[in-house]
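Student: I would like a close look at one part of this protein. Please take one residue, then work outward to the rest.

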Amino acid sequence: MARDPVSKDDREDTSEDAGASSGDASTTPPPGLVSVEDSSTVIPLLNSDRQHKWINRQITAAAETGQFDWLLHVIQSHLSSMNLINFSTAVHRVAKLALCSSVQEREQLLNQQEMWDLKKAVVSYVTNAVAPDGSWRWSRRPEDQVSEMRCLSIICWSCATLRIREEVLFTRAAAASRRRLGEMKPFELSNMLWSFAKLSFGEASYFEAIAPYLLRRADGQFSPQCLSTIVWAFGTAKVHQPLVFTSFARELVANAHAMAPQGIANTAWAFARVRRQEAPLFRALAEAATRNGVVWTFKPQELSNTVWAFATVGLPHPLLFDCMADVAVSRRWELPPQNVANMLWAYAKLLAPARTRLFPPLLEVTASRLEQYKPQEVSAILWAVAREDVSGSFSNAKLFFLQVPRHFEARLPDFTSQALACMAEAFVLAETDNIPFFEAVMNESLSRLWSFQPPSLCTLLRGLVVRVKRHPSMATRAVHLQPVCAHIAQRVGEMQPHNMLHLLQTLDLLPPDIKASEAKDLVECAAFAYPQSR
């Protein structure tokens with residue numbers, strides 16, 4: 001997550017005026033707060049500046065009680081008198097309390113009428129204040145302008161934290177931030193970008209417009225945490241700006257030792273997300289993670305994101321993978337299904353030596369909780385395990401393959417085409433394709449071949465070719481291989497060069513008699529589309 005946008009040192013000149021005391025507010029206002037009934041006699045006695053500071057103190061004091069209901073009650077009573085600073089304080093305090101609450105409590109919070117009123121008031125204020133081109137609609141004093149971009153950053157961060165998607169609010173914030181980039185502090189800009197990426201807002205043009213400003217930064221102007229947050233935002237938005245990534249990589253290499261586990265994991269993940277292999281940076285991140293036992297402070301998501309990133313860009317690092325395997329095995333019962341799947345996939349992808357001690361305990365965990373796993377997670381695990389010697393050191397793997405049908409045969413329609421293709425290939429490689437479940441997987445795949453993307457078609461074909469070579473019966477060839485080959489022959493034109501190379505390598509495995517019969521049309525279409533193969 002991005003940095004809390006209002007640190008203790010920032011509060012006085014941003015949004016939260018310190019000094020209010022806290023107390024129990026279950027039924028009566030805490031010390032320092034004027035009751036709602038009495039506020040009408042106090043506010044008229046204050047000038048505008050003092051009134052807004054007074055409101056801020058009431059919101060802050062209510063938040064410090066830790067009581068959602070009282071906080072929303074206080075906010076509701078002052079909505080009509082709030083300025084931008086008050087609104088940023090209000091949503092920020094609500095977001096901070098939400099971070100300390102359960103998912104169920106957050107959902108209940110967002111459904112309260114007071115929360116709906118706050119959202120409506122914030123959106124109304126910002127859209128009235130900020131024009132579509134990002135300019136301010138009314139004149140302000142210079143001292144008021146100083147905090148405007150910080151307040152917008154806080155509001156966006158808070159909305160993203162609460163998963164509040166208000167498109168018009170973010171559109172105006174984007175226009176204002178593009179217009180006033182030079183006024184934003186590094187952490188304000190990083191939090192703004194994090195918010196847009198978190199809620200899938202902001203077109204590529206928004207991130208691209210900010211790239212030149214980032215390239216003009218001075219060394220050390222942005223902290224490692226800000227750089228990590230920004231590159232995560234670009235990666236999440238799938239905006240690959242090569243110069244930005246190269247520039248960030250250069251600076252982060254020198255500062256990797258100062259990064260926390262979240263920064264290490266997010267940075268590696270972001271570069272891998274856009275398939276950006278920066279070997280010096282990845283080495284620096286690995287060294288930072290393995291130094292002084294830092295790896296033992298990684299959370300499950302950070303462990304899996306890091307190894308996934310290294311595997312995705314194809315950069316092995318034996319020491320890092322050894323250390324992370326030790327942590328994963330030690331905490332295996334704490335790992336959520338997605339983390340288990342990503343870790344097994346990563347270790348298999350790089351053939352990391354540590355997988356020999358990682359796979360058996362993680363498979364044990366998976367087998368005991370298989371009903372909790374999503375289809376895509378199971379498919380990834382099967383793909384990873386199938387690449388090992390299931391009859392040797394991973395003998396418990398075959399038992400795992402035999403457990404999957406009981407939990408997932410009725411759920412095959414829930415599998416994506418990629419998951420179906422990977423699972424079909426995995427059952428073939430594990431030599432467990434002689435069970436009814438494999439037939440069910442193939443029937444599901446054949447029924448929706450048009451939904452398969454070229455990489456998935458190549459994976460499916462590869463599995464079938466291996467199966468036919470092992471069991472060259474006419475029934476196997478006719479039922480599965482022939483319709484898949486005929487379908488791919490119609491879609492050769494969709495293949496990218498790397499897909500075509502995969503396809504040709506697979507066709508080369510076929511015996512001559514099958515090339516001349518079941519796969520004849522596909523062989524001819526591939527040769528026509530890729531003359532170099534002739």
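Tutor: What follows starts at one lysine and then moves through the charges, the rings and the fold.

This is a predicted model. Its pLDDT averages 87 over the protein, and 89% of the residues score at least 70. One stretch needs care. Residues 7-45 have a pLDDT below 50, although the model gives this stretch 71 contacts beyond near neighbours in sequence.

Start with lysine 119. Helix α6, which spans residues 113-129, holds lysine 119. Is lysine 119 buried or exposed, and which side chain of opposite charge is nearest? Lysine 119 is buried. Glutamate 166 is the nearest side chain of opposite charge, at 5.0 Å. A salt bridge needs a nitrogen within 4 Å of a carboxyl oxygen, so lysine 119 has none.

What does lysine 119 touch beyond four places in sequence? The contacts are Leu110, Ile164 and Glu166. So Glu166 is a contact of lysine 119 without being a salt-bridge partner. There is also a ring to look at. The charged end of lysine 119 sits over the ring of tryptophan 116, 3.6 Å from the ring centre.

Arginine 165 offers another case of a charge over a ring. Its charged end sits over phenylalanine 201, 4.1 Å from the centre of that ring. Phenylalanine 201 also belongs to a cluster of ring pairs, together with Phe170, Phe196, Tyr206, Phe207 and Phe234.

Now the charges that do pair. The whole structure contains 18 salt bridges. One of them joins glutamate 64 to arginine 93, with N and O 4.0 Å apart. Glutamate 64 is in helix α2 (residues 48-64) and arginine 93 is in helix α4 (residues 84-99), so this pair ties together parts 29 residues apart in sequence. The two ends differ in burial. Glutamate 64 is partly exposed at 39% relative accessibility, whereas arginine 93 is buried at 9%.

Next, take glutamate 251 and arginine 217. Their closest N and O atoms are 2.9 Å apart, and they form a salt bridge. Glutamate 251 lies in helix α13 (residues 242-255). Arginine 217 lies in the loop between α11 (204-215) and α12 (224-236). The pair links distant parts of the chain, 34 residues apart. Both glutamate 251 and arginine 217 are buried.

Aspartate 322 and arginine 357 make another salt bridge, at 3.9 Å from N to O. Helix α17 (residues 318-330) carries aspartate 322, and helix α19 (residues 355-368) carries arginine 357. The two are 35 residues apart, and they too link distant parts of the chain. Aspartate 322 is partly exposed, with a relative accessible area of 29%. Arginine 357 is partly exposed as well, at 37%. Elsewhere, salt bridges with shared partners join Asp433, Glu439, Arg467 and Arg470 into one network.

Back to helix α19. Phenylalanine 359 is found there. At 0% relative accessibility, phenylalanine 359 counts as buried. Alanine 397 is 38 residues away along the chain, yet the two C-alpha atoms are separated by 8.9 Å.

Glycine 314 is in the loop between α16 (300-312) and α17. Its relative accessibility is 38%, so glycine 314 counts as partly exposed. Leucine 350 is 36 residues from glycine 314 in sequence, but their C-alpha atoms are 6.9 Å apart in space. Not counting residues up to four places away, glycine 314 touches Gln277 and Leu350.

Now the rings again. The count comes to 15 aromatic pairs. In one of these, phenylalanine 401 and phenylalanine 427 have ring centres 5.0 Å apart and planes at 85°, so the pair is edge-to-face. Phenylalanine 401 sits in helix α21 (residues 396-408) and phenylalanine 427 in helix α22 (residues 417-429), 26 residues apart. Both phenylalanine 401 and phenylalanine 427 are buried.

Finally, the fold as a whole. The protein has 28 helices and zero strands. Of its 534 residues, 54% are buried. Among contacts between residues at least 6 apart in sequence, 75% join residues at least 24 apart.

Note on methods: Residues numbered from 1 in each chain as written. Predicted model: local features only at pLDDT ≥ 70, side-chain atom pairs only at ≥ 80, totals over all residues. Heavy atoms only, no water. Helix = DSSP H or I, 4+ residues; strand = E, 2+ residues; numbered from the N terminus. Buried < 20%, exposed > 50% of the residue type's maximum accessible area, 1.4 Å probe, protein only. Lys, Arg positive; Asp, Glu negative; His and termini not counted. Contact = heavy atoms within 4.5 Å. pLDDT = per-residue confidence, 0-100. Phe/Tyr/Trp six-rings, centres within 6.5 Å; stacked < 30°, edge-to-face > 60°. Lys NZ or Arg CZ within 6 Å of the ring centre and 35° of its normal.
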